[in-house]
Amino acid sequence: MTHCAGAAERFPQALIDALGRARKLAVLTGAGISAESGVPTFRDAQTGLWARYDPQDLATPEAFRRDPKLVWEWYAWRRTLVAAARPNPGHFALAQMQVSFPGFALITQNVDGLHARAGSRDVVELHGNIARIVCSAGCGVVEAFDPDAAPPRCPKCAAWLRPDVVWFGEPLPAAALESARRAAADCEIFFSIGTSALVYPAADLPRVAREAGALLVEINPDQTPLSALADFALRGPAGVVLPALLEATERAGKA
Ligand code: OAD
């Protein structure tokens, strides 16, 4: 069921009732939830990062080996964008939902840390975090490094430092992926918010939830490959739809 949702719109009563009964929610977010904070998404035609850069030139281990300076500087630019960004009402609504529902798992593909900055706890970061810097040879997280070097070198082994994010062709952090799969398999309602639902294994989580009997809710201004599978496809920006949905649920005395 597709529903054009916004602050003024009413939500399907069946969704409000389901939220009133639910005790366990799982939420998967993508770049779209940070769009209203001014952080570029990846695939939005005009403004997306991939509209202007070829991901194969920047977000792969081969690209880093080929041109570590270019890759380091691209992520340094994204770090400044993220540092200047502020969580938006969509992020804050999810932090509030974590308080309102006894079981609430927040899984994100984003590396911008905005969920935690909005007050969400125990965020499952499937693709890492751009603010965390690690040694590319496996020495772990590095807190202090030369701010002028591009890229700086590991103080322990002198290998290049890199952002602690998952690049194309790299495995996701095993513990995060296991935690995400467990949450998807154990929830009553699964939200897919602000993601094009194209990148696996994250894009498999809604199917895991659906196969476990969960209701599927998508929040996205645009259609995605997941829209046809969703029980409720709420067409609108997350920063408007989520606060309105939370208010409608609380108004019904349900959350
Ligand atoms: P995309 O850029 O692929 O998709 C962003 C989605 O957000 C699109 O479906 C937009 O329609 C939607 N969107 C835009 N503005 C929105 C808003 N205000 N509210 C809600 N939705 C909005 O980003 P992701 O799906 O997150 O992976 O991309 C998944 C992964 O692909 C990323 O984590 C990254 C990329 O390669 C890695 O870097 C490993």
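How many disulfides does the count come to in this protein? In this predicted model, the count comes to zero disulfides. A disulfide is a covalent bond between the sulfur atoms of two cysteines. Two cysteines illustrate the result. Cysteine 139 takes part in no disulfide, and the nearest cysteine sulfur, that of cysteine 157, lies 3.6 Å away. The cut-off for a disulfide is a sulfur pair within 2.5 Å. With a relative accessibility of 29%, cysteine 139 counts as partly exposed. For cysteine 154, the closest cysteine sulfur belongs to cysteine 135; the separation is 3.8 Å, which is too far for a bond. Cysteine 154 counts as buried, because its relative accessibility is 5%.

The overall architecture may be considered next. The protein has 11 helices and nine strands. Its radius of gyration is 19 Å, close to the 18 Å that the globule rule gives for 255 residues, and the protein is therefore as compact as a globular protein of that length. Along the principal axes, the C-alpha atoms fill a box of roughly 60 × 35 × 30 Å. Of the 255 residues, 52% count as buried. The surface that the protein exposes amounts to about 11,600 Å², of which carbon and sulfur atoms supply 54%. When contacts between residues at least 6 apart in sequence are considered, 66% of them join residues at least 24 apart.

The interior can be followed through its nonpolar cores. The largest nonpolar core has 29 residues, and those with the most contacts inside it are Leu25, Leu94, Met97, Phe191, Ile193, Leu234 and Leu242. At least two residues of this core come from each of the following elements: helix 1 (13-21), helix 7 (89-100) and helix 11 (238-251), together with strand 2 (24-29), strand 3 (103-108), strand 7 (189-193), strand 8 (215-219) and strand 9 (232-235). Helix 11 gives the most, with seven residues.

Leucine 94 shows how distant parts of the sequence meet at one position. Apart from its neighbours within four places in sequence, leucine 94 is in contact with Val27, Thr29, Ile33, Phe104, Leu106, His115, Ser120, Ile193 and Leu242. Among these partners, Ile193 and Leu242 also belong to the residues with the most contacts inside the largest core. Beyond this core there is a second, separate core of 22 residues, which includes Leu126, Leu172, Cys187 and Ala209.

Conventions
Residues are numbered from 1 along each chain as its sequence is written. This is a predicted model: local features need pLDDT of at least 70, side-chain atom pairs count only at pLDDT 80 or more; totals for chains, interfaces and linings use all residues. Side-chain values use heavy atoms; hydrogens and water are left out. A nonpolar core is a set of buried Ala, Val, Leu, Ile, Met, Phe, Trp, Tyr and Cys residues joined through side-chain atoms within 4.5 Å. Buried means under 20% relative accessible area, exposed over 50%, partly exposed in between (1.4 Å probe, protein chains only). Helices (H or I, at least four residues) and strands (E, at least two) are DSSP runs, numbered from the N terminus. Contact means heavy atoms within 4.5 Å. The radius of gyration is taken over C-alpha atoms; the globule rule is 2.2 Å times the number of residues to the power 0.38. Accessible areas come from the Shrake-Rupley method with a 1.4 Å probe; for residues, only the protein chains shown count as cover.
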